[in-house]
Amino acid sequence: MRGISFSRMDNWERVLNLLPRLRRWIGDRVSTSTAAEADELALLRSVAAGIHGVEALFSGNGQLRWISPSVERLTERLPALYLSADDALAMLVHSSDLAYCRRTMSEVLATGEGRDFELRLLRDDGKINWVACHWRALRDAHGGVLGVRMSAEDIQARKETEYTLLETVAELRRAQALREHYLKRSNDERHRLSALLNVIRLGILFIDRDHRVLYYNSAMLKLWSYPQGENLIGVRDVVLQNTIAPLLVAPEDYFAHVESVIRRPQVSEPYEFHFKDGRIVTDISAVVEGDLDGRGIGRVWIYEDVTEQRQVAEQLVALAERDPLTNLFNRRRFHEELDRLLADAERRQSTVGLLSFDLDGFKPINDRFGHLAGDQVLVGLAESLRRVVRRNEMFFRLGGDEFAVLMPDASTDALSELATRLLEGVSALQFNFAGQDARVTTSIGAACFPLHAHDVESLMASADRAMYRSKKAGRNRWTLADG
């Protein structure tokens with residue numbers, strides 16, 4: 001040993017390669033050791049005890065020859081247990097890595113080339129400790145392979161960190177997969193909803209909290225006369241108003257309605273507005289509530305074109321209230337208006353005038369020229385007298401050739417003036433059937449509420465009696481009812 005200075009060794013491999021020589025030297029010279037040699041031996045033991053990882057030497061047949069004291073820290077077993085074991089490698093290495101470890105040791109002994117890999121050391125309590133192993137061949141002075149040296153570094157903390165990262169990555173991937181799954185479902189649902197909203201006839205417009213368009217359907221574009229390919233996403237509501245204003249009959253009224261709706265959180269009542277092209281549209285609006293802070297995330301507007309509905313309703317009203325031949329108000333509407341006017345006159349202490357009349361000479365035309373000729377007379381009379389009857393006066397066909405006119409706020413002078421107009425209008429009518437001229441006149445009876453009667457029935461009776469007096473007096477005249 002003299003001449004060998006361990007203080008000048010620059011790596012652990014040189015120390016470990018000298019261990020066999022050291023043992024032989026100690027065995028031959030124990031009895032003659034000097035104080036200096038004892039110091040060097042103590043230094044060597046101190047170095048071996050200070051190894052942080054695990055160092056082990058295996059013979060050519062795989063027998064453990066030496067293992068560093070640090071193995072106790074990683075496995076909680078004394079080095080002596082490994083040195084006395086028949087199969088130290090099986091005691092040291094986890095069963096999952098044992099076969100690979102033996103195969104690697106054999107390859108190093110056979111080829112002399114080193115191997116590096118990670119494996120699990122088996123602890124005495126059944127747990128494991130990951131290490132990074134470096135397997136290197138031990139050679140003699142001639143380069144022959146004598147055994148294998150294993151150097152292991154403790155990487156348990158790194159492995160735990162890796163496992164934590166792997167679990168985090170796996171959790172993130174699961175979350176990403178779940179998010180993609182729900183995103184796909186959400187997109188599918190959105191496409192289905194969009195397809196549904198695009199085929200309904202209601203126009204739908206969603207405005208977000210920043211007063212910008214977030215969604216609209218095809219019906220909304222058509223209703224507001226936008227091209228079907230128009231992109232309104234992100235457009236402010238004031239820009240929309242400027243665009244649609246020229247289309248509306250009363251844009252100021254409509255925009256005032258919009259402002260009043262926006263100021264209220266409640267669902268709005270249906271509001272009807274008119275387009276210049278004759279269309280009639282209603283809207284209804286509601287705030288779309290948010291999930292988190294309770295604030296609305298925007299407002300939805302729903303538009304419906306009710307033009308056809310209004311036309312149908314008007315037609316139904318016309319069928320119920322108007323005579324199909326002359327388009328004058330019918331007997332049903334006459335009674336409704338007479339009740340209403342008399343109730344209003346009684347409340348206001350005013351008057352209502354009634355003129356009842358039929359046609360003189362109408363039956364001979366019907367009998368001689370047929371019902372089509374009679375219908376022509378009735379239609380011609382209705383068209384002519386419409387120009388005679390004023391806006392505040394209501395003209396009715398009660399049936400056959402019977403007609404009536406109601407006049408609110410009537411006086412006897414006004415009734416006289418109206419009766420004269422009717423007489424002149426009817427007398428001016430001329431017809432020709434089968435090359436023969438035909439004419440009709442009228443006999444009129446006039447009565448006034450409350451001068452001549454105090455209720456509906458008595459007023460009608462008074463007007464009828466006056467009309468028959470006109471007929472008895474020679475026809476083509478009018479007569480005022482008795483007081």
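**View 1. Cys133 is buried in this predicted model, with a relative accessible area of 1%.** The model shown here and in the views that follow is predicted. Cys101 is likewise buried, with a relative accessible area of 0%. A disulfide is a covalent bond that joins the sulfur atoms of two cysteines. When a pair of cysteine sulfur atoms has to lie within 2.5 Å to be counted, the number of disulfides comes to zero. Cys101 takes part in no disulfide, and the nearest cysteine sulfur, that of Cys133, is 6.5 Å away. Seen from the other residue, the closest cysteine sulfur to that of Cys133 is in Cys101, and because the separation of 6.5 Å is too far for a bond, the two sulfurs are not joined.

**View 2. Five strands form an open sheet in the order β2-β1-β5-β4-β3, with antiparallel pairing.** At the edges of this sheet stand β2, covering residues 64–67, and β3, each of which pairs on one side only. Neighbouring strands of the sheet are turned against each other by 25° on average, with direction ignored. In general, the strands of a sheet pair through backbone hydrogen bonds, and they may do so in a parallel or an antiparallel sense. Strand β1, made of residues 54–59, runs antiparallel to β2 and is joined to β2 by three bridges. Which residue of β2 is the bridge partner of Leu57? The partner of Leu57 is Trp66.

**View 3. Strands β3 and β4 pair in the antiparallel sense over eight bridges.** Strand β3 spans residues 115–122, while strand β4 spans residues 128–139. Across this pairing, Asp116 stands opposite His134, a residue of β4. The two strands make a hairpin with five residues between them, and in this hairpin Gly126 takes a positive phi near 90°. Helix α7, formed by residues 95–111, lies across β1, β3, β4 and β5, the last of these being residues 145–154. The helix runs at about 145° to β3.

**View 4. Helices α14 and α15 pack at an angle of about 145°, with their axes 6 Å apart.** Helix α14 holds residues 362–369 and helix α15 holds residues 371–386. Which residues of the two helices meet in this packing? Phe362, Ile365, Asn366 and Phe369 of α14 meet His371, Ala373, Gly374, Val377 and Leu378 of α15. Sorted by class, the contact between α14 and α15 contains six nonpolar residues, three polar residues and no charged ones.

**View 5. Asp409 and Ala434 each have a positive phi in a residue other than glycine.** As a rule, most residues other than glycine have a negative phi. For Asp409 the value is near 50°, and the residue lies in the loop between β13, residues 402–408, and α16, residues 412–427. With a relative accessible area of 47%, Asp409 is partly exposed. For Ala434 phi is near 55°, and the place of Ala434 is the loop that lies between β14, residues 431–433, and β15, residues 436–438. Is Ala434 buried or exposed? Ala434 is exposed, with a relative accessible area of 75%.

**View 6. The peptide bond from Phe449 to Pro450 is cis, with omega near 5°.** Most peptide bonds, in general, are trans. Pro450 is placed in the loop between β16 and α17, and Leu451 is found in this loop between β16, residues 441–449, and α17, residues 456–472. Leu451 counts as partly exposed, at 48% relative accessibility. Although Leu451 and Thr412 are 39 residues apart along the chain, their C-alpha atoms are separated by 9.4 Å.

**View 7. The whole chain, given as a setting for the close-ups, comes to 17 helices and 17 strands.** Of its 483 residues, 41% count as buried. The chain exposes about 27800 Å², and carbon and sulfur atoms supply 53% of that area. Among the contacts in the chain with a separation of 6 or more, 52% are made by residues 24 or more positions apart.

Methods
Residues are numbered from 1 along each chain as its sequence is written. This is a predicted model: local features need pLDDT of at least 70, side-chain atom pairs count only at pLDDT 80 or more; totals for chains, interfaces and linings use all residues. Side-chain values use heavy atoms; hydrogens and water are left out. Two strands pair if DSSP finds at least two bridges between them. Helices (H or I, at least four residues) and strands (E, at least two) are DSSP runs, numbered from the N terminus. Axes are lines fitted to C-alpha atoms, for helices over the stretch in contact, and angles run from 0 to 180 degrees between N-to-C directions. Contact means heavy atoms within 4.5 Å. Buried means under 20% relative accessible area, exposed over 50%, partly exposed in between (1.4 Å probe, protein chains only). Accessible areas come from the Shrake-Rupley method with a 1.4 Å probe; for residues, only the protein chains shown count as cover. Ala, Val, Leu, Ile, Met, Phe, Trp, Tyr, Cys and Pro count as nonpolar, Asp, Glu, Lys and Arg as charged, and the others, Gly among them, as polar.
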